[in-house]
Amino acid sequence: MPPLSDEPHPHHTLRLHHPRHFQFESIRKVPDSHAWPDLHDHPSVEPSGPDSVPVVDLASPDALLLVGRACQDFGVFQITSHGIPTDLLDRLESQIRRLFSLPTHQKLKAARSPGSISGYGLVPISSFFPKLMWSEGFTIAGSPLEHARKLWPNESYAEFCNVIEEYSKVMKKLAGRLMHLMLLSLGLTEEDISWAGPTKDSGDLSTVMQLNSYPACPEPDRAVGLAAHTDSSLLTVLYQSRTSGLQVLRPDPPRWVTVPPLPGVLIVHVGDLSHILSNGRFRSVLHRAVVNRTHHRLSAAYICGPPAHVKVSPVKKLLGPSQGPAYRAVTWPEYLALKGKLFNEALASIKLCEEQWEDRSN
Ligand SMILES: C=C1C[C@]23C[C@@]1(O)CC[C@H]2[C@@]12CCC[C@@](C)(C(=O)O1)[C@H]2[C@@H]3C(=O)O
Ligand SMILES: O=C(O)CCC(=O)C(=O)O
Ligand SMILES: [Fe+2]
């Protein structure tokens, strides 16, 4: 572990000159290490009409219907009347900004160590790509205290921890409410999925927070903030700062549709585990973050999965008389390990063929 001091650790001083940890702010041209050749595989389109990611007012009587429809057709939706105070979102954003504004040598004191989930660094999927992304990330699993203490040597880590903890608390409730709505929209109740019922006060859901920073980029057409991926979660609730960057892939013909930031609006992604649980009725959607020439963009993903020991499999009630489960059962940790090995092929790797249906249904 690096010493708890303001001085750069010798090892980290070296890494400052490595392209993995360069200071984005001082760069005038995208270096080869960060230049992606195939970013324009599909056109990018601004949202309009049926391409716009649905906005659901959670207080509306139609919320259930609209959430169900969005999970099936888009795999993503935006929410209003979610109950998260604007002032808390502002405080969260300023703490994320404060974190990423620290000098690199300081951030590296809280670097994610090999094999662990939490800490500062490249997004975990970086290892699948020959090129580096135009971003920095900070993952928080459990209490933020251990890492925050390394980032801010004096008492000022408390501000960061308090906001993260306050946000996690309200987001856990919201995530439970969203999960409940998603299940209800499939015609499922607590009896079908005991761990996801609202009476559990969402206390059982496992959660992780991913904070993302996308510095302004001198050549935004040559770099990517976060490469195309689906989330492994049941659902992910995303907060994005005022700068556009999130895009979701829409099919037929394939096109990247921007999800522009709307004040006070949060975005919900259907994750792979909900895709599995719903036997493919809900779709986990491919999404990515592009970068911007002038604006630094921030986002915070509240990633929600089932309790670690729970095997997630297609719910029996959703299977027709002649239709078996399309996926085998997996726990979240098992699925994350598959994702860590196979990346975007993880979901396909647990797909069952018809001959495997009988003995696998739960
Ligand atoms: C629980 C997790 C999901 C995640 C990998 C992680 O261990 C922590 C970070 C998550 C994240 C956020 C950015 C995109 C993503 C694909 C990645 O590389 O790290 C997701 C992972 C995921 O959903 O599989
Ligand atoms: O920054 C964004 O808009 C996307 C972030 C994201 O997809 C993630 O953290 O999983
Ligand atoms: Fe994501």
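## Ligand and iron sites in a predicted model

The shell around ligand 2 consists of 5 nonpolar, 5 polar and 2 charged residues (Ala, Val, Leu, Ile, Met, Phe, Trp, Tyr, Cys and Pro count as nonpolar, Asp, Glu, Lys and Arg as charged, the others as polar). The model is predicted, with local features requiring pLDDT of at least 70 and side-chain atom pairs pLDDT 80 or more, while totals for chains, interfaces and linings use all residues. Residues are numbered from 1 along each chain as its sequence is written, chains are lettered from A and ligands numbered from 1 in the order in which they are written, and side-chain values use heavy atoms, without hydrogens and water.

**Ligand 2.** Its shell (residues with a heavy atom within 4 Å) comprises Gln210, Asn212, Tyr214, Leu226, His229, Asp231, Leu238, Leu246, His287, Arg297, Ser299 and Ala301. Three side chains make polar contacts (N or O pairs within 3.5 Å) with oxygen atoms of ligand 2: Tyr214 at 2.7 Å, His229 at 3.2 Å and Asp231 at 3.4 Å. On its own, ligand 2 exposes 290 Å², of which the protein buries 95% (Shrake-Rupley areas, 1.4 Å probe). Strands S6, S7 (226–229) and S13 (297–305) each give two or more residues to this shell (strands are DSSP E runs of at least two residues, helices H or I runs of at least four).

**Ligand 1.** Ile117, Pro124, Ile125, Thr139, Val208, Gln210, His229, Asp231, Ser232, Ile303, Leu336 and Lys339 surround ligand 1. By class, 6 of these residues are nonpolar, 4 polar and 2 charged. Contacts to its oxygen atoms are tabulated below.

| Residue | N or O atom of the residue | Distance to an oxygen atom of ligand 1 |
|---|---|---|
| Pro124 | backbone | 3.5 Å |
| Ile125 | backbone | 3.0 Å |
| Ser232 | side chain | 2.5 Å |

Alone, ligand 1 has 460 Å² of accessible area, and the protein covers 92% of it. Strand S6 (206–214) and helix H8 (332–342) are the elements that give two or more residues to the shell around ligand 1.

**The iron ion.** Ligand 3 is an iron ion coordinated at 2.1 to 2.2 Å by NE2 of His229, OD of Asp231 and NE2 of His287 (donors are N, O and S atoms within 2.8 Å of the metal, or 3.2 Å for Na, K and Ca). The spacing of these donor residues in sequence is H-x1-D-x55-H. Because Asp231 belongs to the loop between S7 and strand S8 (235–240) and His287 to strand S12 (residues 287–289), the pair ties together parts 56 residues apart in sequence. Both Asp231 and His287 are buried (under 20% relative accessible area, against over 50% for exposed and in between for partly exposed).

Note on methods. A polar contact is a pair of N or O atoms within 3.5 Å; within protein, one must be able to donate a hydrogen and the other to accept it, and residues adjacent in sequence count only if both atoms are side-chain atoms. Buried means under 20% relative accessible area, exposed over 50%, partly exposed in between (1.4 Å probe, protein chains only).
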